[in-house]
Amino acid sequence: VKIIRENESLQTIPIIAMTAQAMVGDREKSLEVGMNDHLTKPLSAKELHATLQNWIKTVPITEPSTESSEVGLLSSGIPLLPGIDTEGAFQRLGGRASTYHKILSSFIAGNKTTAITIQNEFAEGKISDVLRHAHTLKTSAQYIGAIKLGKIAHKLELACINEKDPQPLIKKLERELDATLKILNEHYTPT
């Protein structure tokens, strides 16, 4: 940011931090180093559009309509999944069914062994790896609408950061991840 701000022709260009960090003070730190704004993931298309419109006033951006997203969800081939905020996730993705299909398929394929991997990393004392996997799972769970799983993964991430015993959360995460994958495998057919 400092290098960009030193260039006279780039001093007024908006710089927006986008991070998975939602820790107290992160927004302030971004602003202190010269960024104009700070967004945390998962972010909705509406939130991204509003922020961009705030800083890039010459580019009109149309906001996805909730009504068209609901109609789009019904015709997308994506079922309402029990325990998963399907509608909210679909809206955060701006009603892009192909993107949601890709994210759901990727989540299923990419998390078949995540719980075992995290357990093994913990057993081997690789807390930084547990932290990394918890962080990745938190973000991907939030994007698909698996809110409860995302919250547990976030708690596990914080336990690792704060050097608390993560074992009880690892067990909880394993149960919730298994339940989420079971729902997806029973109610969703990847395209």
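What follows is a conversation about two helices, a loop residue and a pocket in a predicted model.

Biologist: How do you know that the span of helix H10 agrees with its number of residues?

Modeller: Helix H10 runs over residues 167–187, and at 1.5 Å a residue its 21 residues should span 30 Å; since its end C-alpha atoms are 30 Å apart, the span agrees with what is expected. For H9, which has 15 residues, the distance from the first C-alpha to the last is 21 Å, close to the 21 Å expected at 1.5 Å a residue.

Biologist: Which residues of H10 are buried, and what makes you say that they line one face of the helix?

Modeller: The buried residues of H10 are Leu169, Ile170, Leu173, Glu176, Leu177, Thr180, Leu181, Ile183 and Leu184. Looking down the axis of H10, one finds these buried residues within an arc of 155°, and therefore they line one face of the helix. On the face turned away from that buried side, H10 carries the exposed residues Pro168, Arg175, Lys182, Asn185 and Glu186.

Biologist: Against which helices do the buried residues of H10 pack, and against which do those of H9 pack?

Modeller: The buried residues of H10 pack against helix H6 (97–110), helix H7 (114–123), helix H8 (127–144) and helix H9 (147–161). The buried residues of H9, among them Leu149, Ile152, Leu156 and Cys160, pack against H6, H7, H8 and H10.

Biologist: Why is Glu163 called exposed, and what is notable about its phi?

Modeller: Glu163, which is found in the loop between H9 and H10, has a relative accessibility of 73%, and because exposed means over 50%, Glu163 counts as exposed. Its phi is near 55°, a positive value in a residue other than glycine, and this positive phi comes just after H9. Most residues other than glycine have a negative phi.

Biologist: What makes up the lining of the largest pocket by class, and which helix gives the most to it?

Modeller: The largest pocket, with a volume of about 190 Å³, has a lining of four nonpolar, seven polar and no charged residues. Among the lining residues are Ile103, Phe107, Gly110, His133, Leu137 and Tyr143. Since Gly is counted among the polar residues, Gly110 falls in the polar class, whereas Ile, Phe, Leu and Tyr count as nonpolar. H6 and H8 each supply at least two residues of the lining, and H8 gives the most, with five residues.

Technical notes
Residues numbered from 1 in each chain as written. Predicted model: local features only at pLDDT ≥ 70, side-chain atom pairs only at ≥ 80, totals over all residues. Heavy atoms only, no water. Helix = DSSP H or I, 4+ residues; strand = E, 2+ residues; numbered from the N terminus. Expected span 1.5 Å × (residues − 1). Buried < 20%, exposed > 50% of the residue type's maximum accessible area, 1.4 Å probe, protein only. Arc of directions from axis to C-beta. Contact = heavy atoms within 4.5 Å. 1 Å grid on protein atoms, 1.4 Å probe; cavity = no way out; pocket = protein on both sides within 12 Å on 5 of 7 lines; lining within 4 Å. Points joined across faces, edges and corners; volume = space filled by probe spheres on them.
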